[in-house]
Amino acid sequence: MSKRTDTHRPSAINPADYDFVACDYLGGGIDAIEFQPERVAFREHMTRTAGKFAEHHNNGSCHICGAAALYVARYHHVPSNTYITTGMDCAEKMEIGEAVLFASFRKRIRAGLKVAAGKRKAQELLNANELAAAWVIYTNPTGNDRNDMIKREEAVIYDIVGKLVRYGTISDGQTNYLRVLLGQIERRAEVERQRRAEQESADPVPVTSDRVSVAGVVLTTKMHEGDFGPVRKMLVKCDAGYKLYGSVPRELSGELKGARVEFTARIQRSPDDVKFGFFSRPTKARIVETVTAVS
Ligand SMILES: [Zn+2]
C-alpha cells in the first residue's frame, strides 16, 4: 500500500480548514425529494466559490478513509478551495462532524426510505392483484387535470391505497372494493353517455288538464317534511322517458325503488325542464312488478 501524501489524508486533517456544506445520501430506494435541498445547497456553494472536487485517492465515497459510506457530508476545504465528501462517522472522528444536523438528516432519510419501501410494496401487491390502475389513481387522483375536482370513486381509492402504503396491508374486503370502484370508473363514461342518450330520447311531459294514466319505474323514494307532517315522495321514470315527482299513492307501500307502478293522476310540466314534471291526486295505483332492473 502506497503512503498517501494528499491534502485530505487522515493524518493531515486540520478541522479548522473545513467548512461543512451539506449532507447527502448515496444509497438508492428513496424519493430524490428527501435529499434534494442538500444537493441544491451544495451545488450553489460550489458555484459561488468556483471550487472543484478534490482529487479522489481511494475507491470509496469517503475521501478521507475510502469507506463506501451511504450517509455522507460534503465539506469545503478553504485553503485549497476544493470539496471533499466524507462518511458521517469519519467526519465525527476527524472532529469536523455536525452531530445534530447529521442526526436529523439520518432521521429524515430513514423516514423517506420507509415511505418509499411502503410505496414499492403497495404497488407490488396491487400489481399482483391486477389492480395496477388503483396505483395510477393514487399517484394522480384527478387524472392530471388540475382543475378537475377529485371524484368520489377516486377519493376512496386514494384513501385505501394510502392506508396500504402506510400499514403495508389491506383487507380482502378493501381489495374487492378497489376492484368494484375501478369497474365503476371504467364504466363511468358509458353510463354517462347512456344517461344522456336516454335523456335526449325522452318525450316531454304532456301538457294537459285531464287526469292521465302513468306507467313507469320508481327511481327513488324519500321522506319530505310537509305542512301536515312527513310525506313519502317518489320519482318515477315513465315509459315515455320523462320523469314525474309526487307523493306516493296510499295504495303503495313497502320497498318501491325499482318497482314498476301504474296509477292515474293529474300531471304538470316543470317550468324549468320539459322532461320533468309533477303528479298529484294519484288514484288506482298498483305495483305491477316489485323490482325491475334499474341502473
Ligand atoms: Zn471515512
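Two strands count as paired if DSSP finds at least two bridges between them. Strands (E, at least two residues) and helices (H or I, at least four) are DSSP runs, numbered from the N terminus. The views below come from a predicted model, in which local features need pLDDT of at least 70 and side-chain atom pairs count only at pLDDT 80 or more, while totals for chains, interfaces and linings use all residues. Residues are numbered from 1 along each chain as its sequence is written, and side-chain values use heavy atoms, with hydrogens and water left out.

**View A. The four-stranded open sheet follows the order β1-β3-β4-β2.** Its pairing is mixed. β1 and β2 (52-53) are the edge strands, each with a single partner, so one side of each has no neighbour in the sheet. Seven bridges join β1 to β3 in the antiparallel sense. Look for aspartate 19, which sits opposite histidine 76 of β3.

**View B. Helices α1 and α3 meet the sheet.** Contact here means heavy atoms within 4.5 Å. Angles run from 0 to 180 degrees between N-to-C directions, and axes are lines fitted to C-alpha atoms, for helices over the stretch in contact. Helix α1 (residues 36-49) lies across β1, β2, β3 and β4 (82-87), at about 145° to β1. Helix α3 packs on the sheet by touching β1 and β3, and its direction makes about 15° with that of β1.

**View C. Three cysteines hold the zinc ion as its protein donors.** Donors are N, O and S atoms within 2.8 Å of the metal (3.2 Å for Na, K and Ca); water is not among the atoms, so sites may look incomplete. The SG atoms of Cys62, Cys65 and Cys90 lie 2.2 to 2.4 Å from the zinc ion, and the donor residues follow the spacing C-x2-C-x24-C. Buried means under 20% relative accessible area, exposed over 50%, and partly exposed in between (1.4 Å probe, protein chains only). Cysteine 62 counts as buried because its relative accessibility is 1%, whereas cysteine 65, at 45%, is partly exposed.

**View D. The largest nonpolar core has 21 residues.** Such a core is a set of buried Ala, Val, Leu, Ile, Met, Phe, Trp, Tyr and Cys residues joined through side-chain atoms within 4.5 Å. The members that touch the most others are Tyr25, Ile64, Tyr75, Phe102, Phe105 and Ile109. β1 (18-25), β3 (71-77), α2 (88-93) and α3 each supply at least two residues of this core. Beyond its neighbours within four places in sequence, isoleucine 64 has contacts including Arg4, His8, Ile84 and Cys90. Apart from this core lies another, of 18 residues, with Val218, Val236, Cys238 and Leu244 among them.

**View E. Helix α4 (residues 132-139) has buried residues Ala134, Trp135, Ile137 and Tyr138.** Seen down the α4 axis, these residues fall within an arc of 160°, so they line one face of the helix. That arc is taken from the directions from the helix axis to the C-beta atoms. Their cover includes α3 (99-128), α5 (152-167) and α6 (172-201).

**View F. Strand β8 (residues 260-269) pairs with β5 and with β9.** With strand β5 (residues 211-226), the pairing is antiparallel over seven bridges, and arginine 211 has arginine 266 of β8 as its bridge partner. With strand β9 (residues 276-289), β8 pairs in the antiparallel sense over eight bridges. Here isoleucine 267 stands opposite phenylalanine 279 in β9. Six residues lie between β8 and β9 in their hairpin.
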